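User: I've got a structure open and would like to talk through what holds it together. Can you take my questions one at a time?

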Amino acid sequence: QVQFVESGGGLVQPGGSLRLSCVTSLSDFGAYPMAWYRQVPGKQRDMVAFIASDHSTNYLDSVKGRFTISRDNAKKTVHLQMNSLEPEDTAVYYCNSFPRKDWGQGTQVTVSS
């Protein structure tokens, strides 16, 4: 069973930064596109950043220029660097592959003064 373990969340003031990490047990990790998602209570889970196996990336419009997704295939890890955080970024953040596997526990990000 594939696992995703997200970490790095926390409480940060508006304008601050956080770096999320996701470690996976996915075999042949480098061959899989990966993505970060976020979800707030009562709303759907939205993709915020995507990275292909060739390291090309794509972002939700509202995070472009602020968030950067990266991957380390040797460590089976995907990161999300989040800068200039806004209260609207508050959510639980998850990572997953394409095709998607079972979800991990996620990591809570709270942006508040």
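What follows is a set of questions and answers on this predicted model.

User: Let's start with the cysteines. How many disulfides does a search of the whole structure find?

Analyst: Look at C22 and C95, whose sulfur atoms sit 1.7 Å apart. The cut-off for a disulfide is 2.5 Å, so this pair qualifies. Searching the whole structure, the number of disulfides is 1.

User: And how many residues apart are C22 and C95 in the chain?

Analyst: The disulfide is between C22 and C95. C22 belongs to strand β3 (residues 18-24) and C95 to strand β9 (residues 91-97), so the pair links distant parts of the chain. Both cysteines are buried. Their separation along the chain is 73 residues.

User: R71 caught my eye. Which side chain of opposite charge is nearest to R71, and how far away is it?

Analyst: R71 is in strand β7 (residues 67-72). R71 is buried but has no salt bridge. A salt bridge needs N and O within 4 Å, so the nearest candidate misses out. That candidate is D54, at 7.5 Å.

User: Then what joins the side chain of R71 to another side chain in a polar contact of 2.9 Å?

Analyst: Start with the backbone: the oxygen of Y32 lies 2.8 Å from a polar atom of the R71 side chain. R71 also touches a set of residues further off in sequence, including F29, M34, I51, H55 and V78. For the side-chain to side-chain polar contact of 2.9 Å, though, the partner is N73.

User: On to the rings. Are the planes of Y37 and W103 stacked or edge-to-face?

Analyst: The ring centres of Y37 and W103 are 5.0 Å apart. Y37 is in strand β4 (residues 34-39), while W103 is in the loop between β9 and β10 (107-111), 66 residues apart. The planes meet at 90°, so the pair is edge-to-face.

User: Which residues do ring pairs link into a cluster?

Analyst: Y37 pairs with W103, and Y94 also pairs with W103, edge-to-face at 5.8 Å centre to centre and 75° between the planes. Y37 is buried with a relative accessible area of 4%, and Y94 is buried at 10%, whereas W103 is partly exposed at 33%. The cluster is Y37, Y94 and W103.

User: Now the charges. What is the N to O distance in the salt bridge of R38 and D89?

Analyst: R38 lies in strand β4 and D89 in the loop between β8 (77-82) and β9, so the bridge ties together parts 51 residues apart in sequence. R38 and D89 are both buried. The N to O distance is 2.9 Å.

User: Is E86 buried or partly exposed?

Analyst: E86 forms a salt bridge with R66 at 3.8 Å, N to O. R66 is in the loop between β6 (57-59) and β7, and E86 is in the loop between β8 and β9, 20 residues apart in sequence. R66 has a relative accessible area of 11%, so it counts as buried. E86 comes out at 33%, which makes it partly exposed.

User: Last one: which residues are linked in a network of salt bridges?

Analyst: D89 bridges to R38 and also to R66, where the closest N and O atoms are 2.7 Å apart. R66 in turn meets E86. The network is R38, R66, E86 and D89.

Methods:
Residues are numbered from 1 along each chain as its sequence is written. This is a predicted model: local features need pLDDT of at least 70, side-chain atom pairs count only at pLDDT 80 or more; totals for chains, interfaces and linings use all residues. Side-chain values use heavy atoms; hydrogens and water are left out. Helices (H or I, at least four residues) and strands (E, at least two) are DSSP runs, numbered from the N terminus. Buried means under 20% relative accessible area, exposed over 50%, partly exposed in between (1.4 Å probe, protein chains only). Lys and Arg count as positive and Asp and Glu as negative; His and the chain ends are not counted. A polar contact is a pair of N or O atoms within 3.5 Å; within protein, one must be able to donate a hydrogen and the other to accept it, and residues adjacent in sequence count only if both atoms are side-chain atoms. Contact means heavy atoms within 4.5 Å. Rings of Phe, Tyr and Trp (its six-membered ring) pair if their centres lie within 6.5 Å; planes under 30 degrees apart count as stacked, over 60 as edge-to-face and the rest as tilted. Lists of a residue's contacts leave out its neighbours within four places in sequence.
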